[in-house]
Amino acid sequence: MKDMHLLAFKNVDLTYHSKEGETHAVKDMNFDVREGEFLAVIGPSGCGKTTVLSLAAGLMKPSSGTITVRGKAANERAESFGYMLQKDHLFPWRTVEKNLLLPLEIKKRNTPENRKRVLALAEKYGLKDFLSNYPDQLSGGMRQRAALIRTLAPDPEILLLDEPFSALDYQTRLSVCDDVFRIIRSEKKTAMLVTHDIGEAVSLADRILVLTARPATVAAIHEIGFGDTEPLARRESPLFSSWFEKLWKELNV
């Protein structure tokens with residue numbers, strides 16, 4: 001289902017203070033993330049895209065407004081979120097298997113049933129033969145796949161993806177985008193991606209949220225209309241270039 005609002009921002013404002021003074025980072029932000037959808041967030045450099053993810057995850061509290069998950073305050077539902085960062089942050093002294101199981105250890109949910117589920121994900125997505133390897137023995141693409149499976153380990157409802165492909169070279173990025181898209185679709189997860197790459201947003205998302213310059217507010221929300229078409233196939237569609245051009249103009253007005 002993609003019509004139920006799983007995550008919702010309503011009239012969210014954020015002002016924070018630093019040594020440099022007061023910064024109005026987010027202004028009157030309203031949007032929702034539907035259950036089962038892939039939402040991408042783009043905006044001008046420095047507009048606060050990552051701040052939006054931090055607000056969603058409850059890592060930052062809004063100055064005013066509400067953020068809810070299934071109608072409940074998001075900070076009361078921290079278990080709902082899985083956060084995937086720009087770098088994979090796999091621990092080099094732990095095997096791939098031990099890295100995948102780390103969230104279960106931290107959350108004290110390292111039960112035989114949960115371990116079995118995580119290792120089944122590893123097998124399903126091509127890491128079965130690498131469980132005893134260490135991260136530096138994996139390719140960049142495989143490391144990102146491992147990082148995603150680790151994020152899925154505690155079975156979160158919503159995946160927050162903070163430019164997870166930015167550290168990869170272009171060719172690997174295209175391949176990993178397909179991997180991540182397939183895994184998220186197959187596991188029926190809801191995902192919210194922050195990216196500076198318009199092509200990446202168009203190739204992955206069901207909808208794209210366009211933010212203004214700081215203080216960030218919602219400039220536009222677009223329904224992309226590719227359905228379950230995979231990223232590489234989307235890039236070959238005539239629709240891809242028209243969406244790219246439209247979004248480029250919106251970000252450079």
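Let's start with Arg 145, which is buried: its relative accessible area is 18%, and buried means under 20%. Keep in mind as you look around that this is a predicted model. Arg 145 sits in helix α4, which covers residues 140–152. So who keeps this arginine company? Setting aside its neighbours within four places in sequence, Arg 145 is in contact with Tyr 125, Gly 126, Leu 127, Asp 179 and Ile 183.

Now hop over to the sheet. Strands of a sheet pair through backbone hydrogen bonds, and they can do that in a parallel or an antiparallel way. Here, four strands make an open sheet, and if you walk across it you meet them in the order β2-β1-β4-β5, with antiparallel pairing. The edges belong to β2 (21–34) and β5 (72–73); each has a single partner strand, so one side of each has no neighbour in the sheet.

Take a look at β1, residues 5–18, and β2: the two pair in the antiparallel sense over 10 bridges. As an example, find Phe 9 and look across to β2, where its bridge partner is Phe 31. Helix α1 (residues 49–57) packs on this sheet and touches β1, β2 and β4 (64–69). The direction of α1 makes about 115° with that of β1.

One last stop: is there any empty space inside? A search of the whole structure turns up one cavity of 30 Å³ or more, and its volume is about 30 Å³. The residues lining this cavity are Glu 163, Phe 165, Ser 166, Arg 173, Thr 195, His 196, Asp 197 and Glu 200. Sort that lining by type and you get one nonpolar, three polar and four charged residues.

Key. Residues are numbered from 1 along each chain as its sequence is written. This is a predicted model: local features need pLDDT of at least 70, side-chain atom pairs count only at pLDDT 80 or more; totals for chains, interfaces and linings use all residues. Side-chain values use heavy atoms; hydrogens and water are left out. On a 1 Å grid over the protein atoms alone, a cavity is a set of points where a 1.4 Å probe fits but cannot get out, and a pocket is an open set with protein on both sides within 12 Å along at least five of seven lines; lining residues have an atom within 4 Å of a point. Grid points are joined across faces, edges and corners, and a volume is the space filled by probe spheres set on the points. Ala, Val, Leu, Ile, Met, Phe, Trp, Tyr, Cys and Pro count as nonpolar, Asp, Glu, Lys and Arg as charged, and the others, Gly among them, as polar. Two strands pair if DSSP finds at least two bridges between them. Contact means heavy atoms within 4.5 Å. Axes are lines fitted to C-alpha atoms, for helices over the stretch in contact, and angles run from 0 to 180 degrees between N-to-C directions. Buried means under 20% relative accessible area, exposed over 50%, partly exposed in between (1.4 Å probe, protein chains only).
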